[in-house]
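Biologist: I'd like to learn how to read a structure like this one. Could you walk me through it?

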Amino acid sequence: MTRRFALTFPGETGGHAEQDVVVVEATGTRGPGGHPVYADPSGIVQAEISDQGEVRMLASGGHQDPRTPLHAEPLP
């Protein structure tokens, strides 16, 4: 199992902002689809990532509407 991923998110819509990259690490838990859950150090960015690299973003707070990343790159 991959322990870390770099999630690449699109820049702000309508602008020429750079893409955001967030590194997430395995939490040891499983998401609603049964795949491992990964989180950034703050715990705000949480994602369930399958062994095929499919990403499902998970809300970590009440009024959060998480964006879907463009890419999930496994890290060593």
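Biologist: Let me start in the middle: which residues does Ile 49 touch, leaving out those up to four places away in sequence?

Modeller: Keep in mind that this is a predicted model. Ile 49 touches Phe 5, Leu 7, His 35, Pro 36, Tyr 38, Glu 54 and Val 55. Ile 49 itself is part of strand 4, residues 46-49.

Biologist: Is Ile 49 buried or exposed?

Modeller: The cut-off for buried is under 20% relative accessible area. Ile 49 has a relative accessibility of 2%, so it counts as buried. Across the protein, buried residues make up 30% of the 76 residues.

Biologist: What does Ile 49 belong to in there?

Modeller: The general idea comes in one line: nonpolar side chains tend to be buried together in soluble globular proteins. Here, Ile 49 is in the largest nonpolar core, which has 12 residues. Among the others are Phe 5, Leu 7, Tyr 38, Met 57 and Ala 72. At least two residues of this core come from each of strand 1 (4-9), strand 2 (20-30) and strand 4.

Biologist: You mentioned Phe 5. Where does Phe 5 sit, and which residues does it touch beyond four places away in sequence?

Modeller: Phe 5 is in strand 1. Its relative accessible area is 5%, so Phe 5 is buried too. The residues Phe 5 touches include Val 22, Val 24, Tyr 38, Ile 49, Ala 72 and Glu 73. Look at that last partner: Phe 5 and Glu 73 are 68 residues apart in sequence, yet their C-alpha atoms are 5.3 Å apart.

Biologist: And which residues does Ala 72 touch, with the same four-place rule?

Modeller: Ala 72 touches Phe 5, Ala 6, Leu 7, Gly 53 and Val 55. From Ile 49 to Ala 72 you count 23 residues along the sequence, and 8.5 Å between C-alpha atoms.

Biologist: Now zoom out. How many helices and strands are there?

Modeller: Zero helices and six strands, so to write the order from the N terminus you just put β-β-β-β-β-β.

Biologist: What radius of gyration does the protein have, next to that of a compact globule?

Modeller: For 76 residues, a compact globule would come out near 11 Å; the protein has 12 Å, which agrees. The C-alpha trace spans about 35 × 30 × 20 Å along its principal axes.

Biologist: Last one: how many positive and negative side chains are there?

Modeller: There are 5 positive and 10 negative side chains, and the centres of the two sets are 8 Å apart. As for the accessible surface, it's about 5,000 Å², with 49% belonging to carbon and sulfur atoms.

Technical notes
Residues are numbered from 1 along each chain as its sequence is written. This is a predicted model: local features need pLDDT of at least 70, side-chain atom pairs count only at pLDDT 80 or more; totals for chains, interfaces and linings use all residues. Side-chain values use heavy atoms; hydrogens and water are left out. The radius of gyration is taken over C-alpha atoms; the globule rule is 2.2 Å times the number of residues to the power 0.38. Buried means under 20% relative accessible area, exposed over 50%, partly exposed in between (1.4 Å probe, protein chains only). Accessible areas come from the Shrake-Rupley method with a 1.4 Å probe; for residues, only the protein chains shown count as cover. Lys and Arg count as positive and Asp and Glu as negative; His and the chain ends are not counted. The place of a charge is taken as NZ of Lys, CZ of Arg, CG of Asp or CD of Glu. Contact means heavy atoms within 4.5 Å. A nonpolar core is a set of buried Ala, Val, Leu, Ile, Met, Phe, Trp, Tyr and Cys residues joined through side-chain atoms within 4.5 Å.
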